[in-house]
Amino acid sequence: MAPHYDVAVVGYGPTGLVAASLLGRLGHRVVVCERWPTLYGLPRLTHIDDETARTVQAAGDADEALRDSSVSEYLWVNGKGETLVRIPANPEGPMGYPDHISMYQPDVESAIDRRLRGYGTVDVRQGWAVTGLDQDDDGVTLRLSGWNTETSCADGPRDEVRARYVIAADGSRSRVRELLGGEREDFGFNESWVNVDTEWLRPQPPEFAYGTQYCDPARGHMTINIGTTRQRFEFALLPGETREEMTVPETAWRLLREYHDLGPDDVRIIRQLVYGFEARIATRWRTGRVFLAGDAAHTMPPYLGQGACSGIRDATNLAWKLHLVLGGLAPEALLDTYESERRPHVTALTHMAIGLGKVANTHDVEAAAARDAAFFAGKVPPPPPFPPLHGGALRGESGAPVGTLSPQGRLRLADGRTGRLDDLTGYGFTLVTAEDPSAALGPGRLARLEHLGCAVVALDTVDDLDGRHGEYLQRLGAVAYLARPDFVLFGAATDSTDLGALVDDLDAAVSGTAKAVV
């Protein structure tokens, strides 16, 4: 009989790692199926935002994960090197981290991998590819074959695992999506760039300590720091250039010398390959008990730096909802809010990334000159703000900015412990109040919050060291706010009476009933 798990995670990149770690942290039996025998070990993504860093904090040791990271701003310049737009970095974003972080992906993956292996609930099966699946009313059976790295084929031993639910985080060419017969909508953006990752052989020059996008009609190119000791260079392929010629070392050295005056005495090449930049979204993200996440569900051009961040958001959104359903605390219908919340959000970001990609890939000289003139004249509107979540498991008609992100500051508890909010409260719902809410909520509602794994933080009993949570309540005009495990604001309460209603609304949102607990 196949081993039985609560959740099977297919794919062990950032999305799969986070999903497996969060579910393992919550006590669920998880199996990971990954065809490659080890972690990838090389950087694919180079940027995360403060929301993603906060998720890394929940899934692993954030200090270990970000040990070779740096704050990174971004410049967009034209072919002459003139600045079109500067995107500054805030070293203290609302999540408790810089809002633009240049990081080394293997450090992040290793930190999460190390954390989840310590739970005792996660079975990591590397070197196994999913070759088939069958699902019924009770679960999903995955058929596995050993992956042969020499032939790149699943021609090894056979096995099966069974889980109540499956998260397919197996990349843009998802085998699980293919087995389900899923299709993707193509947004019509397709560009090929050669990626050259390097390691500095001398101290990183200051002009490389941030990201620069060169919007040059002759050849778009960019550079971005990977922490403080590594550098990525990317160059658009021109008509007639082939993948084969762009992946030989001589081509990389020619481009590095031509565009940045760098040679073998300056950097060591650690990876060189051609990436296809695309924008595609799966037409459905859920088929029965199987959910697509990360690149299996959506891909976007890299110009916004939100591809991996979006996949990690998928993982955090799914993890807490699966936790409630698996624990009998919510009906399975709650899982339908995964796609209804995440699809509009990632679609908006995809269109933003496409817009930036068109700026970077303007190949016509006259069009590029007109673009530059519009930037210099201030006629180009700023990019729209990140979209909030709409609908789904949120409090409606409250006037608060539900669906946006709640902050994380540092606290000192009454027992003297000091740290970031999430490290002190754990992973779950969080109710932050101006004063002790016991009288306003009563024992019934407090018990319900405890049942849902909701931490309660009364600011009059702790030191709000950064003032971040008190300031947030003031901005909301509220006496309390309730955040979901994915840091999304569920709702806020304007007074003690509304505080009880807020808890009742949370109960209704996750349980599917409007009955209040008093």
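How many helices and strands are there in the protein? The protein has 14 helices and 26 strands; helices (H or I, at least four residues) and strands (E, at least two) are DSSP runs, numbered from the N terminus. You are looking at a predicted model, where local features need pLDDT of at least 70, side-chain atom pairs count only at pLDDT 80 or more, and totals for chains, interfaces and linings use all residues. Residues are numbered from 1 along each chain as its sequence is written, and side-chain values use heavy atoms, with hydrogens and water left out.

**Stop 1: the whole protein**

Start zoomed out. Along the principal axes, the C-alpha atoms fill a box of roughly 70 × 60 × 40 Å. Of the 518 residues, 55% are buried; buried means under 20% relative accessible area, exposed over 50%, and partly exposed in between (1.4 Å probe, protein chains only).

**Stop 2: helix H10**

Now select residues 365-376, which form helix H10. At 1.5 Å a residue, its 12 residues should span 16 Å, and the end C-alpha atoms are indeed 16 Å apart; the expected span is 1.5 Å times one less than the number of residues.

Next, colour Ala368, Arg371, Asp372 and Phe375, which are buried in H10. Looking down the axis of H10, you will find its buried residues within an arc of 100°, so they line one face of the helix. That arc is taken from the directions from the helix axis to the C-beta atoms.

What do the buried residues of H10 pack against? Show strand E5 (74-78), strand E6 (83-87), strand E13 (211-215) and helix H9 (336-360) to see their partners.

Then check both ends. At the start of H10, a side-chain oxygen of Asp364 comes within 3.1 Å of the backbone nitrogen of Glu366. Just after H10, Gly378 has a positive phi of about 70°.

**Stop 3: Val85**

Hop over to Val85 in strand E6. Val85 is partly exposed, at a relative accessible area of 31%. Setting aside neighbours within four places in sequence, Val85 is in contact (heavy atoms within 4.5 Å) with Tyr74, Leu75, Trp76 and Phe375. You met Phe375 among the buried residues of H10. Add Val380 too: Val85 and Val380 are 295 residues apart in sequence, yet 9.8 Å apart in space, C-alpha to C-alpha.

**Stop 4: Thr52**

Finally, select helix H2 (residues 50-59) and pick out Thr52. Is Thr52 buried or exposed? Thr52 is buried, with a relative accessible area of 2%. Leaving out neighbours within four places in sequence, Thr52 is in contact with Cys309 and Ile312.

Methods: A polar contact is a pair of N or O atoms within 3.5 Å; within protein, one must be able to donate a hydrogen and the other to accept it, and residues adjacent in sequence count only if both atoms are side-chain atoms.
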